[in-house]
Amino acid sequence: MDDVLFERMGEAHRAAVMQLFNIYVESGTAAFSDSALPMDAYDRFLEDAKSYPSFVLMDPLSGAAIGFCMLREWLSSPTFRRTACVTYFLAPAYLSRGLGTLCLDLLIREAEGMGICHLIAEVSEENARSLRFHEKHGFRRVALLENIGFKLGREFGIVLMQRDIS
C-alpha cells in the first residue's frame, strides 16, 4: 500500500490516534498501559512531537487515520541525544500491508537528519509479530527485562531491540 499519506501529528488527529492506541491497550500487551487512556493523554504525544518527528498515516481514499508512528526521546539526558525510541501502531485491518516498513523507513530518514545513530524498540515479549518485524528490519535483541509488566492478569517482559543507523 504505497499510496498512504503521512501527515505531521497534530491536534486534528487527537481522537483518531487515541482510539487506535486504545485498541492495543485493551487487546494485549503491545501498548503497555493497563487501561484505556483518556483524550488528554494525547497531549504527551504532542509534546514529544515538538522535538521528534511524529506522523499519522492517512488512507487517501477514505481520509481515515490508519496508524501513527513516531520517534521519542530514549532517556532524558543529553548523553543519549543520538539515540531515539521508535513507536508505531497500525489499525488492525491494515497490518501486513507494508505500512510498518514505510513507517520505519520514514523514521530512519528523519532520525538521520537529526543526527540520531541508534534506534531502540521496546517490544512486549508476547508480541511475536513485532519481534519478527524488527528482526527482519535489522534490529537485534539486546536485552530482556523479564516479568516487569503486569497486565490482563499476567506478567510479561519487555524485549529491548536496537538498530544502528549511522
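I began with D48, which forms a salt bridge with R44, the closest N and O atoms lying 3.1 Å apart; I noted at once that the model is predicted. D48 and R44 are 4 residues apart in helix α2, and about one helical turn separates them. I then looked up the accessibility of each partner: D48 is buried at 12% relative accessibility, whereas R44 is exposed, with a relative accessible area of 53%.

Next I turned to D43, whose side chain meets that of R14 in a salt bridge with an N to O distance of 2.6 Å. Because D43 belongs to helix α2 (residues 42-51) and R14 to helix α1 (residues 14-27), this pair ties together parts that are 29 residues apart in sequence. I entered D43 as partly exposed at 39% relative accessibility, and R14 as buried at 16%, since buried means under 20%. I also recorded that E11, R14 and D43 are linked in a network of salt bridges.

I then checked the strands, where the side chains of R140 and D164 meet in a salt bridge at 3.7 Å, N to O. R140 lies in strand β6 (residues 140-151) and D164 in strand β7 (residues 154-164), so the pair ties together parts that are 24 residues apart in sequence. For R140 I noted 40% relative accessibility, which counts as partly exposed, and for D164 a relative accessible area of 38%, also entered as partly exposed.

Last, I looked up the total, and with a cut-off of 4 Å between the side-chain nitrogen and the carboxyl oxygen the count comes to 9 salt bridges.

How values were computed: Residues are numbered from 1 along each chain as its sequence is written. This is a predicted model: local features need pLDDT of at least 70, side-chain atom pairs count only at pLDDT 80 or more; totals for chains, interfaces and linings use all residues. Side-chain values use heavy atoms; hydrogens and water are left out. Helices (H or I, at least four residues) and strands (E, at least two) are DSSP runs, numbered from the N terminus. Buried means under 20% relative accessible area, exposed over 50%, partly exposed in between (1.4 Å probe, protein chains only).
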